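I opened this entry to look up how the ligand is held. My notes follow the structure.

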Amino acid sequence: MTSAQIRRSAPGKVILLGEHAVVHGRPAIAVPVTQVRATAALETAPPGSGLSIVASDLNRSFSLSTASRDEPLAAAARLALAHLASPEPDATATVRSTLPIASGLGSGAAVSTALIRALAAFLGHAPEPATINVLVFEVEKIHHGTPSGIDNTVIVYEQAVYFMRGRPIERLTVSTPFTLLVGDTGVPSPTKRAVTDVRWAWERDPAHYDALFDQIGDVTDEARRAIEIGDIEELGMLMTENHALLMEMGVSSPQLDDLVDAAQFAGALGAKLSGAGRGGNMIALAEDDLAEEIAQALREAGAQGVIRTRVASTG
Ligand code: PMV
């Protein structure tokens with residue numbers, strides 16, 4: 001059964017701690033960012049027209065029947081249709097997103113999630129989050145090559161997660177809410193490139209990189225405890241420590257370091273790059289009464305945009 005118009009959405013995300021090390025089997029923590037969202041709206045099209053996907057924000061519009069195999073939105077649609085054992089419907093899918101692309105906010109996973117949810121709903125289905133998570137992870141492999149799976153997990157479940165490859169998903173207990181500022185360098189940074197570079201560096205010097213991954217894993221585990229007991233100051237210090245380890249790993253950039261320094265100078269409890277690095281976004285942990293000042297300091301230090309988001313308590 002089909003219906004005339006169906007709309008579904010998915011949030012963005014930031015990685016709080018553990019990026020890159022998570023690709024190599026260590027833990028990471030990520031939280032949803034609900035201020036930015038991807039949406040997909042499905043509308044019935046004339047009989048015989050098949051499925052068209054119009055994604056103007058991403059400069060991508062095509063018919064499913066002619067899209068290439070490595071077009072991620074087409075792959076998302078094909079995977080969803082195969083899972084539902086459904087033929088291609090006559091419909092237009094309009095995909096919109098307020099997430100900056102290639103900037104560490106999970107744009108790819110968010111648009112895939114919104115499209116798969118909307119397409120399934122249009123066809124009268126509501127797959128479980130676990131099923132959507134598996135499908136979006138398959139699409140992520142087209143974007144990223146060897147993704148850890150953290151982006152799709154936090155975006156599909158829309159909850160703070162403690163994530164380790166191959167382990168069951170653990171929802172994080174957040175006992176005290178906290179505020180994050182997300183500062184955009186404006187420099188696009190494809191995740192695949194940074195992840196590949198780290199892999200090469202690890203292959204050249206496994207002892208050094210394994211030690212870095214282990215230290216990041218330890219910092220992430222300590223941060224988990226800090227979040228669980230509501231020790232936000234400790235969380236801030238651990239974030240800054242994580243940034244230093246990412247710098248040593250070679251995935252920061254002068255712009256990211258400038259924004260991290262500016263946030264700390266303005267009174268942030270901690271700051272670090274978030275996501276693949278090299279460009280994209282950084283995050284700063286802010287006490288509420290200083291958040292606006294820190295946001296202003298980030299803009300003055302060159303941030304192209306600053307998003308303020310609150311990680312809600314789970315208790
Ligand atoms: O998609 P981004 O830029 O948030 O980066 C994902 C984080 C990495 O750990 C670098 C890669 C991964 O798959 O976990």
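I began with a term: a polar contact is a pair of N or O atoms within 3.5 Å. The model I am reading is a predicted one.

With that cut-off in hand, I looked up K13. One of its polar side-chain atoms lies 2.6 Å from an oxygen atom of the ligand. I then turned to S148, where a polar side-chain atom is 2.5 Å from a ligand oxygen atom. For T191 I noted 3.1 Å between a polar side-chain atom and an oxygen atom of the ligand.

Next I looked up the cover. The ligand taken alone exposes 370 Å², and the protein buries 97% of that. I also checked the pockets: the ligand takes up the space of the largest pocket.

Which elements give two or more residues to the shell around the ligand? I found strand 1 (5-17), helix 4 (150-157) and helix 5 (191-204).

I then listed the surroundings. The ligand has 16 residues around it, and K13, H20, S148, D151 and A276 are the closest. Sorted by class, I have seven nonpolar, six polar and three charged residues in this shell.

Last, I asked where the shell comes from in terms of domains. Domain 1 (5-170) and domain 2 (173-311) each supply at least three residues to the shell around the ligand.

Note on methods. Residues are numbered from 1 along each chain as its sequence is written. This is a predicted model: local features need pLDDT of at least 70, side-chain atom pairs count only at pLDDT 80 or more; totals for chains, interfaces and linings use all residues. Side-chain values use heavy atoms; hydrogens and water are left out. A residue is near a molecule or strand if one of its heavy atoms lies within 4 Å of it. A polar contact is a pair of N or O atoms within 3.5 Å; within protein, one must be able to donate a hydrogen and the other to accept it, and residues adjacent in sequence count only if both atoms are side-chain atoms. Accessible areas come from the Shrake-Rupley method with a 1.4 Å probe; for residues, only the protein chains shown count as cover. On a 1 Å grid over the protein atoms alone, a cavity is a set of points where a 1.4 Å probe fits but cannot get out, and a pocket is an open set with protein on both sides within 12 Å along at least five of seven lines; lining residues have an atom within 4 Å of a point. A molecule sits in a cavity or pocket if more than half of its atoms lie within 2 Å of its grid points. Helices (H or I, at least four residues) and strands (E, at least two) are DSSP runs, numbered from the N terminus. Ala, Val, Leu, Ile, Met, Phe, Trp, Tyr, Cys and Pro count as nonpolar, Asp, Glu, Lys and Arg as charged, and the others, Gly among them, as polar. Domain bounds come from an automatic or database domain assignment.
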